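Here are some quick notes to read alongside the model. I've kept them as numbered points so you can jump around.

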Amino acid sequence: MTKETDPWLLMGRAKEGESEAFSQLYELYFVPVFRYIFFRVQQKEVAEDLTQTVFLKAYKAVERFPTEGQSPLAYFFAIAKNTVIDYYRKKKDIPEDPERFTRREDTKDTHMTNVEFRIDGERCLQAVKQLKSDQQEVIVLRFINEMTTAEIAEILGKNEDAVRQLQCRALKTLRISLQ
C-alpha cells in the first residue's frame, strides 16, 4: 500500500479537510460498500442511492472518525449497515423480487442455462435470507465482498474466532438447506 492509497493516511488527510483524500477513499470503498448494500436491498437503484448516502454521511462526520481503533473500512461499513437499517425502518414493507438479484445479461448460453442459473441463484438467496442476521453479514462480507476474517471481525466488533464460527455455522446451515 502506498502513501496515496493507505486508508489511514487518507482518512487523516480527509479529517484535515482535504477533499481529494476523501475522493480517494470513495474510489477505494465504493464497490465493497455498494455490494454490501445491494445484497441487502436487492435493487440496483436503491443500492446506488443508499451508497451515496453512506458516503455523504461519512463525509459530514469525517472529523469524528477515531484516530485509533476502528479502521476506515469498518467505519464505512458501520455507516452502511445503519443506513440500510434506516431505509427499512422508513420503508416498513420489504418487497421480494429475487430475480433482480439473480438477473444477468444474456450471453451465448442457452435459454435453459439462464433459467437454471436463475433458479439456483434464487434458491441460494432464499437460503441466505433464512440465516440469522449476523450469519448473513458474515456470508455477504466474506463471499460477496471477499473480505478477510480479520476485516470482518473488525467491522462486526467480534474476534476472528467468533467470525469463523459464524461462517462455519452459516455454511453448514446453507449446505443442509440447499441439498
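**Notes on the predicted model**

1. Following the sequence from start to end, the pattern is α-α-α-α-α-α-α-α-α. Put as a count, the protein has nine helices and zero strands. Bear in mind throughout that this is a predicted model.

2. Some overall numbers before the details. The protein has 179 residues, and 39% of them count as buried. If you take the contacts between residues at least 6 apart in sequence, 60% of them join residues at least 24 apart.

3. Have a look at helix α2, residues 19-41, which bends by about 50° at Tyr29. A proline, Pro32, follows within four residues of that bend. Tyr29 turns up again in point 6, as one of the residues that Phe76 touches.

4. Just after α2 comes Gln42, and its phi is positive, near 60°. Why remark on that? Most residues other than glycine have a negative phi. Gln42 has its positive value although it is not a glycine. Gln42 sits in the loop between α2 and α3, and it counts as buried because its relative accessible area is 6%, under the 20% cut-off.

5. Next, the pairing of α3 (residues 44-60) with α4 (residues 72-91). Their axes come within 9 Å and cross at roughly 125°, so α3 is oblique to α4. The crossing is right-handed. On the α3 side the contact uses Val46, Leu50, Thr53, Val54, Phe55, Lys57 and Ala58, and these meet Tyr75, Phe76, Ile79, Ala80, Thr83, Asp86 and Tyr87 of α4. Sorted by type, the residues of this contact are ten nonpolar, two polar and two charged.

6. Phe76 deserves a point of its own. Is Phe76, in helix α4, buried or exposed? With a relative accessibility of 0%, Phe76 is buried. Leaving aside residues up to four places away in sequence, Phe76 touches Met11, Phe22, Leu25, Tyr29, Val33, Val54, Phe55 and Ala58. Val54, Phe55 and Ala58 are among the α3 residues listed in point 5. There is also a C-alpha separation of 9.8 Å between Phe76 and Tyr26, which are 50 residues apart along the chain.

7. The loop between α3 and α4 holds two residues to look at, starting with Arg64. Arg64 has a relative accessible area of 63%, so it counts as exposed, the cut-off being over 50%. Its C-alpha atom lies 8.1 Å from that of Lys15, and the two residues are 49 apart along the chain.

8. Gly69 is also found in the loop between α3 and α4. Gly69 is exposed, with a relative accessible area of 62%. Which residues does Gly69 touch, not counting those up to four places away in sequence? They are Trp8 and Glu154. For Gly69 and Glu154, the C-alpha atoms are separated by 9.1 Å, with their positions 85 residues apart along the chain.

9. Now for α7 (residues 133-144), where Glu137 is found. You might want to check this side chain on screen: Glu137 is buried, at a relative accessible area of 5%. Outside the residues up to four places away in sequence, Glu137 touches Tyr36, Arg40, Lys81 and Leu156. Of these, Tyr36 and Arg40 fall within the 19-41 range of α2, and Lys81 within the 72-91 range of α4.

10. Helix α7 also packs against helix α9 (residues 160-177): the axes come within 9 Å and cross at roughly 95°. That angle makes α7 roughly perpendicular to α9. From α7 the contact takes Asp134, Gln135, Val138, Ile139, Arg142 and Phe143, and from α9 it takes Val163, Leu166, Gln167, Arg169, Ala170, Leu171 and Leu174. By type, these residues divide into eight nonpolar, two polar and three charged.

11. One last backbone item is Glu146, in the loop between α7 and α8 (149-156). Its phi is near 55°, a positive value in a residue other than glycine. Where Gln42 is buried, Glu146 is exposed, with a relative accessible area of 61%.

Methods:
Residues are numbered from 1 along each chain as its sequence is written. This is a predicted model: local features need pLDDT of at least 70, side-chain atom pairs count only at pLDDT 80 or more; totals for chains, interfaces and linings use all residues. Side-chain values use heavy atoms; hydrogens and water are left out. Buried means under 20% relative accessible area, exposed over 50%, partly exposed in between (1.4 Å probe, protein chains only). Contact means heavy atoms within 4.5 Å. The bend at a residue is the angle between axes fitted to the seven residues ending there and the seven starting there. Axes are lines fitted to C-alpha atoms, for helices over the stretch in contact, and angles run from 0 to 180 degrees between N-to-C directions. Angles under 35 degrees count as roughly parallel, over 145 as roughly antiparallel, 65 to 115 as roughly perpendicular and the rest as oblique. Ala, Val, Leu, Ile, Met, Phe, Trp, Tyr, Cys and Pro count as nonpolar, Asp, Glu, Lys and Arg as charged, and the others, Gly among them, as polar. A crossing is left-handed if the near helix is turned anticlockwise from the far one by less than a right angle, and right-handed if clockwise.
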